[in-house]
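User: I have a two-chain model open and some quick questions. Can you walk me through it?

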Amino acid sequence: MLRRVLTVWRRSIQARVVVTTVLLSALAVSAVGWLLLQQVRDGLLQHRVDAVLAESATEVADARDRLSAASSVDVDASGQQRDLVEPIIQRGATRGFDVVMAGPINRDGENPGGRIADGGAEFSPGLDTASVPVRLEDHFARRDGTAWTYTTIRSTDGDTVTSVPGIVVGSQVELPADGLTYVLYFLYPLNEEQETLGLVTRALLAAGALLLLLVAGVTWLVTRQVVTPIRLARQVAERLAAGQLQERLRVHGEDDLARLAISFNQMASNLQRQIRQLEELSRVQRRFTSDVSHELRTPLTTVRMAGDVLHDARGRFDPAASRAAELLQTELDRFERLLVDLLEISRFDAGAAVLETDDVNLVDVVHRVVDAAQPLARKRGVEVAVRAPDRPCLAEADVRRVERILRNLVANAIDHAAAPPTPGVPAIVVSVDADDQAAAVAVRDYGVGLAPGESAMVFNRFWRADPARDRSSGGTGLGLAISLEDTHLHGGWLQAWGRPGGGAQFRLTLPRRVGGPLHHSPLPLVPTDAGERVS
Amino acid sequence: MSTTVDPGTKGRILVVDDDASLAEMLSIVLRQEGFDSELCGRGDEAMATFRDYRPDLVLLDLMLPGLDGIEVCKQIRAESGVPIVMLTAKGDTVDVVVGLESGADDYVVKPFKPKELVARIRARMRKFDDADSEALAIGDLVIDVAGHTVTRDGSPIALTPLEFDLLVCLARKPHQVFSREILLEQVWGYRHAADTRLVNVHVQRLRSKVEHDPENPEIVVTVRGVGYKAGSQ
């Protein structure tokens, strides 16, 4: 599940844009909402506090008036206190506020008094006097005047205990009866304000949620407008990549996306034209190769036969003409080989080479090639040995091409072979091996070897290790290049190893199936005796 | 040797090639080797010359004016089993296979060495050693080696000399599996391995003539990865 979500996140620009936009909008909306709430709350409270202060001031003034009117010394302090507070409590009950009148404050004594908890307090029925914060009481123990603060008003009505936020305003009055200062606390509940605030909060939340939904929807629509053409373009691009070069995007209107589509289509058209040109070029090249092949081969055949007739008759010529006939013969051989190789290479270059595959036993092929090479080897005084397992080494391959590769490698080895380093050991060893995935042939010689870096260059066309060295076996310089192309056609490897004075080894590795995976070779590229023989 | 040979020559060869120099050179070489030869430069005249000259072997270029070498090959095959060796300037698979399928016995790719060509010609004109007039059986076929005929239930099947040689080669050793290379050596006379497509194409042609159902051959059986052998019956 999480993986699927992650996949959607990675794959879909639309999802990413929508989610990030919604997240950012949520942040902005919350900040704005919070600010708004603060403003509204402060406004509401300020308003209420002003009203409450005014009302309590009126009450206190009224109480003072009454006290000054009754400023005789006829009653005791508690009676006077009760007389004073009773009407206020009644008014509070009708107007919705509670009243507490605490006991007298004695600022001179050790204990200033005036605590509600000390007793002697008059208060609205049902009110929990602890609703008056101790901080406020402390305040009046030290200072005069009027003070207010926020509190939680708790009251009991029968069994139910209610608790609402409120404002408590305290004011001092002096009772003429005992001349002491009493504090009158007015407790105003804030339920209305709380309700209003709750209403505003809910409204803001709803508005915020709606806004976010709107933002999400708008973003989704907008991105869809942008993403849909991109997705279409992607699909068309994929089809183009798959070779359907005639695919084009539909162009609507003249906006940026339409211009993108136009550019895309132009690109596709150019691509198509280029590819057609290349295809045409390749076709022409192939045709040309074929024509040149035919046009050159026929006269060469005539010349070749004429040369042969002259060569056979050279005994009857004078020495100069006889030698000329011999030279003509050998050079014709060389010319012919070169032509054949050139035509073969150009066939590869034109991409006209095709495989004719079959299950091939490399052991048979190697024996055939080595047998065919024996006359040349004997002429050079070189012994060629085959090391092959008893079982067949099979690979799906074009036997003509594989044979050509091996012929080349063996001829090359004979060309470069030196006298065997130890007597009785063959100068050239051809090893064969195979496993489930691959088959390999390695041709080892103990000749001059290859200088560092040369092992890659040997496959270059017309490359010579030593420009001064002659090609005694008459190689055209294209043999290894053709072999490499043949190998690539099979999806195989053709590699060279060599060490100056240590000889060289060429290894051909073919996958068991053409184009199959090739991860290793059954034979090592660096021969096991690479170390011993270097003197 | 063929009975139609003129005294003093080893055989008559028709050279069909539009390149005059090559054709003349071919006739020089063939004369040196003791063959009699006739030249023809156009594909559409080849059949007339063929009927007129009645050669023992035809050397046929594939690219000819008038009529394609492939067509000429088919026409000759339609009325004769005479060996046909194609001269082709293209070693490409398609050309060679098309040529072989149209009835050619063998092919030489230009430029060829004269000796190579002569070897091909000799191989095609050579006959199996017919000293003993043996009668071979393969499947429900009866082969009269000396009489050069193959019959099924008494009715003869027309085979070209090459197809006959191929069949006889397989029939003489009924239990042996012949690799394509061995067949090339024994039937075509190649010393070294050459193009095994020759074998494949001719086995197909042979099957189309002798098998009841060429899709499920019973007389010339394929041994996968090795080669061919005679049917087990």
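Analyst: One term to start: a residue is buried if 20 or more other C-beta atoms lie within 10 Å of its own, exposed if 12 or fewer, and partly exposed in between, with C-beta atoms placed from the backbone. This is a predicted model, where local features need pLDDT of at least 70, side-chain atom pairs count only at pLDDT 80 or more, and totals for chains, interfaces and linings use all residues. Residues are numbered from 1 along each chain as its sequence is written, while chains are lettered from A and ligands numbered from 1 in the order in which they are written.

User: What share of chain B is buried?

Analyst: 43% of its 233 residues. In chain A, 28% of the 535 residues count as buried.

User: How many helices and strands does each chain have?

Analyst: Chain B has 8 helices and 12 strands. Chain A has 11 helices and 12 strands. Helices (H or I, at least four residues) and strands (E, at least two) are DSSP runs, numbered from the N terminus.

User: And contacts between residues at least 24 apart, what percentage in each chain?

Analyst: Take contacts between residues at least 6 apart in sequence. In chain B, 55% of those join residues at least 24 apart; in chain A the figure is 67%. Contact means that the C-beta atoms of two residues, placed from the backbone, lie within 7 Å.

User: Now the A-B contact. How many residues from each chain?

Analyst: 22 from chain A and 20 from chain B. On the chain A side, α6 (256-312), α8 (362-380) and α9 (399-416) each give two or more residues. The largest share, 13 residues, comes from α6(A).

User: What classes are on that side of chain A?

Analyst: 7 nonpolar, 6 polar and 9 charged residues. Ala, Val, Leu, Ile, Met, Phe, Trp, Tyr, Cys and Pro count as nonpolar, Asp, Glu, Lys and Arg as charged, and the others, Gly among them, as polar.

User: Switching to Asp61(B). What does UniProt place there?

Analyst: The feature "modified residue: 4-aspartylphosphate", from an unreviewed entry. UniProt positions are in the numbering used here, feature names are shortened, and annotations may be inferred rather than shown by experiment.

User: Where is it, and is it buried or exposed?

Analyst: Asp61(B) is in strand β3 (residues 57-61) of chain B. Asp61(B) counts as buried because it has 24 C-beta neighbours inside 10 Å. Not counting residues up to four places away in sequence, Asp61(B) touches Val16(B), Asp17(B), Asp18(B), Gly69(B) and Leu87(B).

User: What about Leu62(B)?

Analyst: Leu62(B) lies in the loop between β3 and α3 (69-79) of chain B. With 26 C-beta neighbours inside 10 Å, Leu62(B) is buried. Beyond four places in sequence, its contacts include Gly69(B), Met86(B) and Asp95(B).

User: Back to chain A. What is the strand order in the open sheet?

Analyst: β2-β1-β5-β4-β3, 5 strands with antiparallel pairing. Strands pair if DSSP finds at least two bridges between them. β2 (122-123) and β3 (146-157) of chain A stand at the edges; each has a single partner strand, so one side of each is left without a neighbour in the sheet.

User: How many bridges join β3(A) to β4?

Analyst: 12, and the two strands run antiparallel, with β4 spanning residues 160-174 of chain A. Thr149(A) stands opposite Val168(A) in β4(A).

User: Last one: is Val251(A) in a helix or a loop?

Analyst: A loop, between α5 (191-241) and α6 of chain A. Val251(A) is partly exposed, with 15 other C-beta atoms within 10 Å. Leaving aside neighbours within four places in sequence, Val251(A) is in contact with Ala258(A), Ala261(A) and Ile262(A).
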